Amino acid sequence: MDTLEQQLKSHQKLTKTKILKRGSFTFIGAVLMAVGLEIFLVPNRVIDGGIVGISIILSYLTDVKLGLYIFLLNIPFFYIGYKQIGKTFALTTLFGVAVLSITTTLLHPVPELTEDLLLAAVFGGIILGIGVGLVIRYGGSLDGTEILAILFNKKLPFSVGEIIMFFNLFILGSAGFVFGWDRALYSLIAYFIAFKTIDIVIQGIDESKSSWIISDQSKEIGEAIMARLGRGVTYLNGEGAYTGDEKKVIFCVITRLEEAKLKSIVEEIDPSAFLAVANIAEVRGGRFKKRDIH
C-alpha cells in the first residue's frame, strides 16, 4: 500500500523543469492569443468562438474591458476543470487565462495592424490558433467551452466536438445581430483557420502515421523499410480468419512525408500486399527516431 501511494505521489509531482516548460509555453500561448484578438480581430469586430466570443460581444455592448470578461466568465470553469480533469490542468488554465486577460488589457490601446477584414480574419485566426494550440499541448486551456462540452456530453446524445460546434455556431450567429452579418461571416473564416491551426500545433506539422502491412513477402518488405526509410519495424504473428493460414504482419510508424515512399516500397515488392495507414496523435518511447539511410 505504501508503495502504491508513493507511486501516485511521484506520478502527480512535476519536476521544476517541466513546470518551467509548461509555464513558459502557456505564457507564450496566452500572449499570442491576446495579440490575435487585440491586434487583428477585435478592432475589426471579428470574433472568436467560445467564452472569448461571448466576452467580445459583452465588452462591445457594455464598454467594459475585454480582459475582465474573459477572466470572470472563466472562473466557474477553473473549479469544474479541477474536479473533472485535475489540479495541474486547473492551475495551468488559471495562469493562462490570467495572462490572456492582462495582455488583452495592455494591448487594447494598440491600433490594429490592418483594416482589411480578410487579412484580419486570416492572420488573426492563425496567431490565435497557434496560441491556443500551445496552451492545450502543454496541458491547459484558455476557454471553458471544452469543459462545458464534457459535462453536457454525459447527459446529451452528442459528442464533445459536436457540442462545441453547436455552441460556437450560436455565438458566431449572435455576432451577426451585434456586428452585422458580414462580420459574422468573417468570424467564421477566422474560427475555421484557428481550428485548423490548433490541430497543426497540437499534432505537429510532421504528423505521425501507423502502418500495418500483411504480405507473404513480409521479410523483404520489412528489410526494405529499414534500409530505405530508416524506420524500425515490428513483426507480429497473425492468422487469416477465412483460410486459417499463418501470416506475418508488419507494423511501423512513419511520418506523413514518408507515406508515399512506403507505399511505393510495398507495391514494388508485393503489389497484392494488404496495407493500412492511420493517423497517430502522439508517439513516445521505443525507437521511433529515424536512422540514417544510405
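Aromatic pairs come first: the model holds 6 of them, counting rings of Phe, Tyr and Trp (for Trp, its six-membered ring) whose centres lie within 6.5 Å. Planes under 30 degrees apart make a pair stacked, over 60 edge-to-face, and the rest tilted. Phenylalanine 25 and tyrosine 138 count as stacked because their ring centres sit 4.5 Å apart with the planes at 5 degrees. That pair ties together distant parts of the chain, with phenylalanine 25 in helix α2 and tyrosine 138 in the loop between α6 and α7, 113 residues away. Another pair, phenylalanine 71 with phenylalanine 78, is tilted, at 6.0 Å centre to centre and 55 degrees between the planes.

This is a predicted model, where local features need pLDDT of at least 70 and side-chain atom pairs count only at pLDDT 80 or more, while totals for chains, interfaces and linings use all residues. Residues are numbered from 1 along each chain as its sequence is written, and side-chain values use heavy atoms, leaving out hydrogens and water.

As for cover, buried means under 20% relative accessible area, exposed means over 50%, and partly exposed is what falls in between (1.4 Å probe, protein chains only). Phenylalanine 25 is partly exposed, at a relative accessible area of 28%. In the tilted pair, phenylalanine 71 is partly exposed at 28%, whereas phenylalanine 78 is buried at 13%.

Helix α2 deserves a paragraph of its own. Helices here are DSSP runs of H or I with at least four residues, and strands are runs of E with at least two, numbered from the N terminus. Helix α2 takes in residues 16-41, 26 residues in total, and its first and last C-alpha atoms are 36 Å apart, close to the expected 38 Å. That expected span is 1.5 Å times one less than the number of residues. The buried residues of α2 include Thr26, Gly29, Ala30, Met33 and Leu37. An α-helix has 3.6 residues a turn, so residues three or four places apart point the same way. Cover for the buried residues of α2, taken as contact (heavy atoms within 4.5 Å), comes from elements including α3 (50-62), α4 (66-84), α5 (87-107), α6 (117-137) and α9. Serine 24 also belongs to helix α2 and is partly exposed, at 32% relative accessibility. From serine 24 to valine 135 the distance is 9.7 Å, C-alpha to C-alpha, although 111 residues separate them in sequence.

Two loop residues other than glycine have a positive phi. Arginine 45, in the loop between α2 and α3, has a phi of about 55 degrees and is partly exposed at 32%. Aspartate 63, in the loop between α3 and α4, has a phi near 60 degrees and counts as exposed, with 73% relative accessibility.

On the surface, Phe152, Leu156, Phe158, Met165, Phe166, Leu169, Leu185 and Leu188 make up a nonpolar patch, together offering about 730 Å² of accessible area. Areas come from the Shrake-Rupley method with a 1.4 Å probe, and for residues only the protein chains shown count as cover. Patch members have over 30% relative accessible area and no salt bridge; nonpolar side chains (Val, Leu, Ile, Met, Phe, Trp, Tyr) are joined within 5 Å, like charges within 9 Å. A salt bridge puts a side-chain nitrogen of Lys or Arg within 4 Å of a carboxyl oxygen of Asp or Glu. Helices α8 (160-179) and α9 (181-203) each supply at least two patch residues, and α8 has the largest share, with 3. Phenylalanine 152 sits in helix α7 (residues 145-153) and is partly exposed at 41%.
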